[in-house]
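Welcome, and take your time with the picture below. We will walk through it together, starting from one element and working outward.

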Amino acid sequence: MSEMISALLAGAVALALVLHVAWLARASRAKASTGLAADEAGVRAVVPDAANVSDGTAGVVTFAGSWNGRRVQVRTIVDTLAIRKLPARWLSVSITEKVAIPGTFDMMMRPGSPTTFSNFDHLDHTLPKAAGFPAEAVLRSDRKGVRFPETVIAGHLDVFAEERAKELLITPNGVRIVWLLAEAERARYGVFRQAEFGTVRLDPVLIERLLSSASALRDAINQSERQAA
């Protein structure tokens with residue numbers, strides 16, 4: 001009889017665990033769905049025709065649309081690669097229009113561990129910094145001996161006075177700014193190794209600001225090139 005009672009208790013405990021795990025999974029999906037809807041609303045407040053064009057990559061959500069007559073992309077990336085650091089959630093804002101620049105120009109603030117959002121570590125050539133660049137910035141390119149309009153670029157780095165601004169990428173296909181949205185909650189990540197970012201959502205004011213900065217820089221580079229031609 002005692003063996004039967006023990007078996008029944010063990011079965012009840014196992015069933016309770018299964019039900020609890022299922023409940024946690026449903027709660028997690030509901031939370032993710034609510035968060036995605038809130039982020040989409042934040043993007044569409046600035047980019048009304050934004051469409052979710054995500055390709056299914058884990059931790060990456062991408063919206064594309066038009067802003068002030070220009071093609072743009074707004075993306076969030078959960079980065080768990082950083083060694084000895086908390087996982088981070090990044091906001092990547094891009095103007096995906098042609099730029100008159102001869103190669104890839106990548107400015108990374110305080111580069112350290114590899115990231116999931118950038119190919120900075122794969123660029124072979126480190127560039128000297130002109131006056132006006134932040135002291136903590138490192139510049140790299142994919143091409144050696146190419147001259148970039150660094151004076152023009154240095155005049156459009158206002159957002160990089162803030163520590164959350166992480167990367168400025170300029171290629172012939174567009175301009176991108178990457179911004180730190182949030183770091184994972186330390187206690188939860190330390191115990192459960194789960195990257196939770198609380199209630200941080202996409203702020204339309206921030207999106208507009210970063211788009212405006214990227215757009216103004218693109219315009220300045222193109223105008224400088226036209227004047228030099």
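In helix H4 of this predicted model, a good number of side chains are tucked away: Leu-206, Ile-207, Leu-210, Leu-211, Ser-213, Ala-214, Ser-215, Leu-217, Arg-218, Ala-220, Ile-221 and Asn-222 are buried. As you follow these numbers along the helix, it helps to recall that an α-helix has 3.6 residues a turn, so residues three or four places apart point the same way. H4 itself has 25 residues, and from its first C-alpha to its last it reaches 36 Å, close to the 36 Å expected at 1.5 Å a residue. At its N-terminal end you will find a cap: a side-chain oxygen of Asp-203 lies 3.0 Å from the backbone nitrogen of Val-205.

Now look towards the other end of the list of buried residues, at Asn-222. This residue of helix H4 counts as buried because its relative accessible area is 12%, under the 20% cut-off. What does Asn-222 touch, leaving aside its neighbours within four places in sequence? Its contacts are Lys-98, Val-99 and Ala-100.

From the helix we can move to the nonpolar core. In soluble globular proteins, nonpolar side chains tend to be buried together. Here the largest nonpolar core has 44 residues, and those with the most contacts inside it are Leu-91, Phe-105, Met-107, Leu-168 and Ile-170. Helix H4, spanning residues 204–228, gives the most to this core, with eight residues. Leu-91 is a nice place to pause: not counting residues up to four places away in sequence, it touches several residues of the stretch we have just met, among them Leu-206, Ile-207 and Leu-210. Leu-91 also touches Val-74, Arg-75 and Thr-76, as well as Ile-177, Val-178, Trp-179, Leu-181 and Leu-202. Besides the largest core there is a second, separate one of nine residues, which includes Ala-88, Trp-90, Phe-117 and Leu-180.

Charged side chains come next. How many salt bridges does the structure hold? There are eight. In one of them, Arg-89 pairs with Asp-39, and the closest N and O atoms are 2.5 Å apart. This pair links distant parts of the chain, since Arg-89 sits in strand E4 (residues 88–95) and Asp-39 in helix H1 (residues 2–44), 50 residues apart. Are the two partners buried or exposed? Arg-89 has 10% relative accessibility and therefore counts as buried, and Asp-39, with a relative accessible area of 6%, is buried too.

A second salt bridge joins Glu-97 to Arg-71, with 3.4 Å between the closest N and O atoms. Again the pair links distant parts of the chain: Glu-97 is in the loop between E4 and strand E5 (105–109), while Arg-71 is in strand E3 (residues 70–79), 26 residues apart. Glu-97 is buried, with a relative accessible area of 16%, whereas Arg-71, at 48% relative accessibility, counts as partly exposed. Glu-167 and Arg-176 also meet through their side chains in a salt bridge, 2.9 Å from N to O, and both of these residues are buried. Salt bridges that share partners join Arg-70, Arg-218 and Asp-219 into one network.

The loops are worth a visit as well. Thr-115 lies in the loop between E5 and strand E6 (125–127), and its relative accessible area of 17% makes it buried. A polar atom of the Thr-115 side chain lies 3.4 Å from the backbone nitrogen of Ser-118. Arg-110 is in the loop between E5 and E6; although not a glycine, Arg-110 has a positive phi of about 50°, and it is partly exposed at 30% relative accessible area. Asn-68, in the loop between strand E2 (60–67) and E3, is another residue other than glycine with a positive phi, near 50°. Asn-68 is exposed, with a relative accessible area of 62%.

Finally, step back to see the whole chain. It has four helices and nine strands, and along the sequence they follow the pattern α-β-β-β-β-β-β-β-α-β-β-α-α. Of its 229 residues, 40% count as buried. Among contacts with a separation of 6 or more, 58% come from residues 24 or more positions apart. The chain exposes about 13,000 Å², and carbon and sulfur atoms supply 56% of that area.

Key
Residues numbered from 1 in each chain as written. Predicted model: local features only at pLDDT ≥ 70, side-chain atom pairs only at ≥ 80, totals over all residues. Heavy atoms only, no water. Salt bridge = Lys/Arg side-chain N within 4 Å of Asp/Glu carboxyl O. Helix = DSSP H or I, 4+ residues; strand = E, 2+ residues; numbered from the N terminus. Buried < 20%, exposed > 50% of the residue type's maximum accessible area, 1.4 Å probe, protein only. Core = buried A, V, L, I, M, F, W, Y, C linked by side-chain atoms within 4.5 Å. Contact = heavy atoms within 4.5 Å. Expected span 1.5 Å × (residues − 1). Polar contact = N/O pair within 3.5 Å; in protein donor to acceptor, adjacent residues only side chain to side chain. Areas by Shrake-Rupley, 256 points an atom, 1.4 Å probe, with all protein chains shown as cover.
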